[in-house]
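Reader: I am new to this structure and would be grateful for a close look at one part of it. Please begin with a pair of packed helices and then proceed to the surroundings.

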Amino acid sequence: MTNQSDNSFGVSKDVLSERRQELMQLLKKLAPETVSDGNINLPALSSFFGITSSENSRFGLSWPGRESSIRAIGQVSSATLLPVKAKSVQFESAENLIIEGDNLEVLKALQKSYFGKVQLVFIDPPYNTGKDFIYPDNFSEPISAYLDITGQTDSSGRLRSTNAESSGRYHSKWLSMMYPRLFLARNLLKETGAIFMTIDDSESANLRGLCDIIFGEENFVANAIWQKKYTRANDAKWFSDNHDHVLIYAKDKDRFVVNGLPRNEEQLKAYSNPDNHPKGPWKATPLHAKSGSNTDTFVFQNGIAWAPPKGTYRRFSDETMRELDAMNEIWFGSDGTQIPSRKSFLSEVKGGVTPTTIWTYQEAGHNHQANDDLKKLGLGGLFDNPKPVQLLKLILTLATSSDKEDLILDFFAGSGTTGEACIRLNREDGGNRKFILVQLPEPVGDDTPAKNDGFTSIADITRERIRRVIGEIKKRDEAELNFGAQGSSETGFRAFSLSHSNFRRWRGEPDQLESELDLHVQNVDPSATPEDIVYELLLKAGFPLTTKIKAEKMAGKTVYSVEDGSLLICLDKEITPALIDALADADPLQVICLDEGFKGNDQLKANAVQTFKARAASRETEIVFRTV
């Protein structure tokens, strides 16, 4: 049982740092010579594994800027996510999230609360066309760069990250942008989860090399080819470009299950039941196979002798053949004299059709259909190159289940196709999938249809699309009096936006020491609302952003009860002994108070620690007490 007060709780301690420490301790235990003064001794580690200096240059993807992008993963974030109820739909009950912000910073913010909880990551990253892309590449101060680029600070110095070929880093900057985001996304995947990524030929090879590093080439599942266009471009210089790639990697390939696809009418026509077999519809399948060793003749109960055709082999042993014959599972034709075959019953075959790596536009949709999807919602012409809902529904069908509350993450959300597909598939199969969409508030161009319709950023379009889908379904349910329809994800979404932490960070500049110390007497941003602070603490304590929060009174003070009291947060600036007793009586697992509330009274804080420690001991539980 532990009981602690942690004054640094307001400063993020990311999951990556914790994992590094665990690995460091493991190395110290198993191979102590590989750790020196708290750091990895690389020469000793190489020697331990028998790697000579000439072997250190190994096969793999490398590019200028790789080391900086790797360091970006471990860069502690000073960002948080602020709730934006005005842009949400049914905030209090919603279980879906739409987050506005740079996805690198958002992924860092989600690490503790969503580590290992996502079943499917889908991304449609910006294709490398040699044009500018707006994602910040200032790894030293990423949140400041983000706020500056997106116009949330002053108007000076807003620069996009150029990816022009003249920079000499046409592919490198794209890879540096993708690497840390994919690494952090992998952390969020469940062991049974997978990532699906659409990409064109310009970066498909590099993206696969990148994923071989991050996910391991042994976890490569497939490279599906999606027919995005059904018409031929006769004005193409070489070939008509009609496809994109869908790269698929699993967190653990041995644990990832690809669901079968529903059989279409043509496939179901192959099954019938002409002899009224009690197992239902079946189709005739051969008793022979292309490989094997048994070519013996078998005699059935009706006296018909059968041997596999020349060059083939028997599929089943004598024992299995006798069982099939006895169960009336061999078909001899309508007149009983034809070449025998096995009855393969629809009720016994694999639950669905095995997907192929060629996805035609008929089954996965196409670009024109994607634009039509937006037109139906009154958003036609507002977004370039959206993905069709049909494509995303196919991916969701393959990677998620209707009988589980699977979580889907899309951190290049764009127009929000993933959210719409999730909602509509839930309606079709009664599923309860949830989604997290992350979209940079990239400004829409001047004098564009989006600008003329009142949208200022792509994130605005993302939210509006999901809002209209929810409204359309609600209107249809009301018209059909279908109030108890299956699929609950369309009840709404919670909107959040990326911003600076609500807690001041002590940077410790020597010439500003006195002013820094003064600031940390009151280390909470005075402009922060209690709700802003609560949600930041929620993330830092490892709770999802959809967790239930209830404000209640204890000893005359407002206390926020999280997850039915497992976490209690008090932001009152005057902590009293009565409040401490009330918090302890509530029997929480964690308690967080403002350090400012103790007004420098170290004795009162020590008493609080002892109170929680004693109460936890009497109940044989654990209470973690922190101040921020």
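**A helix pair and its surroundings**

Author: Helix α12 (residues 389-399) packs against helix α13 (residues 417-429) at an angle of about 65°, and their axes lie 8 Å apart. The crossing in which α12 passes α13 is right-handed. On the side of α12, the residues that take part are Val 389, Leu 392, Lys 393, Leu 396 and Thr 397. They meet Thr 417, Thr 418, Glu 420, Ala 421, Cys 422, Leu 425 and Glu 428 of α13. The model in which this pair is seen is a predicted one.

Leu 392 also leads into the wider interior. It belongs to a core of 48 residues, whose members include Trp 226, Val 246 and Ala 450. This core lies apart from the largest nonpolar core, which has 66 residues. Within the latter, Leu 81, Ile 99, Leu 110, Leu 182 and Leu 545 touch the most other members. Helix α6 (residues 172-188) supplies the largest share of that core, namely nine residues. Leu 81 may serve as an example: beyond its neighbours within four places in sequence, its contacts include Ile 99, Val 106, Leu 110, Phe 496, Tyr 535 and Leu 545.

The loop between β18 (434-439) and α14 (449-452) contains Asp 447. This residue has a positive phi of about 55°, although it is not a glycine. Most residues other than glycine have a negative phi. Asp 447 counts as exposed because its relative accessibility is 69%, and the cut-off for that term is over 50%.

Another part of the chain offers a comparable case. Lys 599 is found in the loop between β23 and α19, and has a positive phi of about 50° without being a glycine. Its relative accessibility is 61%, so Lys 599 counts as exposed.

The two elements that flank this loop also help to cover helix α18. In α18 (residues 577-585), the residues Leu 579, Ile 580, Leu 583 and Ala 584 are buried. Viewed down the helix axis, the buried residues of α18 fall within an arc of 135°, and therefore they line one face of the helix. Among the elements that cover them are β20 (549-554), β21 (557-562), β22 (567-570), β23 (590-593) and α19 (602-619). Just after α18 comes Asp 587, with a positive phi of about 55°.

Strand β23 has a further role in the arrangement of strands. It pairs with β24 in the parallel sense, over four bridges. One point of this pairing is Gln 590, whose bridge partner in β24 is Val 624. In β24 (residues 624-627), Val 624 and Arg 626 point one way, while Phe 625 and Thr 627 point the other way; all are buried.

An antiparallel arrangement is found elsewhere. Three strands form an open sheet in the order β9-β15-β14, with antiparallel pairing. Its edge strands are β9 (282-285) and β14 (330-331), each of which pairs on one side only. Between β14 and β15 (residues 341-345) there are two bridges, and Ile 330 stands opposite Arg 342 in β15.

Finally, the chain as a whole gives the setting for these parts. It has 19 helices and 24 strands. Of its 628 residues, 48% count as buried. Among contacts between residues at least 6 apart in sequence, 72% join residues at least 24 apart.

Methods. Residues are numbered from 1 along each chain as its sequence is written. This is a predicted model: local features need pLDDT of at least 70, side-chain atom pairs count only at pLDDT 80 or more; totals for chains, interfaces and linings use all residues. Side-chain values use heavy atoms; hydrogens and water are left out. A nonpolar core is a set of buried Ala, Val, Leu, Ile, Met, Phe, Trp, Tyr and Cys residues joined through side-chain atoms within 4.5 Å. Buried means under 20% relative accessible area, exposed over 50%, partly exposed in between (1.4 Å probe, protein chains only). Contact means heavy atoms within 4.5 Å. Two strands pair if DSSP finds at least two bridges between them. The arc is that of the directions from the helix axis to the C-beta atoms. Axes are lines fitted to C-alpha atoms, for helices over the stretch in contact, and angles run from 0 to 180 degrees between N-to-C directions. A crossing is left-handed if the near helix is turned anticlockwise from the far one by less than a right angle, and right-handed if clockwise.
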